[in-house]
Amino acid sequence: LKSLKIKRVFVVGLALDFCVQYTAIDSANLGYETYVIENATLPVNIGNSVKDALNNFKVHKVNFGKLDELL
């Protein structure tokens with residue numbers, strides 16, 4: 001991605017609280033402006049997994065919201 005001069009990453013898919021979360025956090029940690037599109041993902045929702053994922057987005061400065069709110 002860096003060789004292509006990508007600056008922003010938009011993450012969607014299954015599952016918000018697992019795969020999407022890990023991908024988004026990796027992206028942010030690599031220095032990309034990272035967005036998770038709320039209305040383009042669904043959670044597994046086990047225990048506190050969604051709450052924890054949303055908190056982790058804040059900690060790692062991952063933007064989270066609906067597409068029309070983020071653009």
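## Notebook: surface patch, core and cross-strand links

I began at the surface, where Leu1, Leu4 and Ile6 form a nonpolar patch with about 300 Å² of accessible area together. I note at the outset that this is a predicted model, and I read each entry below with that in mind.

I then looked up Leu4 by itself and found it in the segment before strand 1. Its relative accessible area is 62%, and because exposed means over 50%, I entered Leu4 as exposed.

**Salt bridge.** How many salt bridges does the structure hold? I found one, formed by Arg8 with Glu33, and the closest N and O atoms of the pair are 3.6 Å apart. Since Arg8 lies in strand 1 and Glu33 in strand 2, the pair ties together parts that are 25 residues apart in sequence. I also checked the accessibility of both partners: Arg8 counts as partly exposed at 48% relative accessibility, and Glu33 is likewise partly exposed, with a relative accessible area of 36%.

**Nonpolar core.** I went next to the largest nonpolar core, which has 11 residues, among them Val9, Val11, Leu16, Val20, Val36, Val50, Phe57 and Val62. The elements that give two or more residues to this core are strand 1 (8–14), helix 1 (16–29) and helix 2. Which element gives the most to the core? Helix 1 does, with four residues.

**Helix 1.** I therefore turned to this helix, listing as buried Leu16, Asp17, Val20, Gln21, Ala24, Ile25, Ser27 and Ala28. The cover over the buried residues of helix 1 includes strand 1, strand 2, helix 2 and strand 3 (63–65). After helix 1 comes Gly31, and I noted that its phi is positive, near 95 degrees.

**Leu16.** Leaving aside neighbours within four places in sequence, I found Leu16 in contact with Gln21, Val36, Thr41, Leu42, Pro43, Val50, Ala53, Phe57 and Phe64. Of these partners, Val36, Val50 and Phe57 are listed with Leu16 in the largest nonpolar core, and I followed Thr41 separately.

**Thr41.** Is Thr41 buried or exposed? With a relative accessible area of 9%, Thr41 is buried, and its place is in strand 2. I looked up where its side chain points and found that it reaches the backbone oxygen of Gly13 at 2.4 Å, while the side chain of Thr41 also reaches the backbone nitrogen of Leu16 at 3.4 Å. Apart from neighbours within four places in sequence, the contacts of Thr41 are Gly13, Ala15, Leu16, Val20 and Val36.

**Val44.** My last stop was Val44, placed in the loop between strand 2 (33–42) and helix 2 (49–59). Val44 counts as partly exposed, at 43% relative accessibility. Not counting residues up to four places away in sequence, I found that Val44 touches Ala15, Asp17 and Phe18; of these, Ala15 is also a contact of Thr41, and Asp17 is among the buried residues of helix 1. To relate this loop to the patch where I started, I looked up Val44 against Ile6, and the two are 38 residues apart in sequence and 29 Å apart in space, C-alpha to C-alpha.

Methods. Residues numbered from 1 in each chain as written. Predicted model: local features only at pLDDT ≥ 70, side-chain atom pairs only at ≥ 80, totals over all residues. Heavy atoms only, no water. Buried < 20%, exposed > 50% of the residue type's maximum accessible area, 1.4 Å probe, protein only. Contact = heavy atoms within 4.5 Å. Core = buried A, V, L, I, M, F, W, Y, C linked by side-chain atoms within 4.5 Å. Patch = residues over 30% accessible without salt bridge, like charges linked within 9 Å, V, L, I, M, F, W, Y side chains within 5 Å. Areas by Shrake-Rupley, 256 points an atom, 1.4 Å probe, with all protein chains shown as cover. Salt bridge = Lys/Arg side-chain N within 4 Å of Asp/Glu carboxyl O. Polar contact = N/O pair within 3.5 Å; in protein donor to acceptor, adjacent residues only side chain to side chain.
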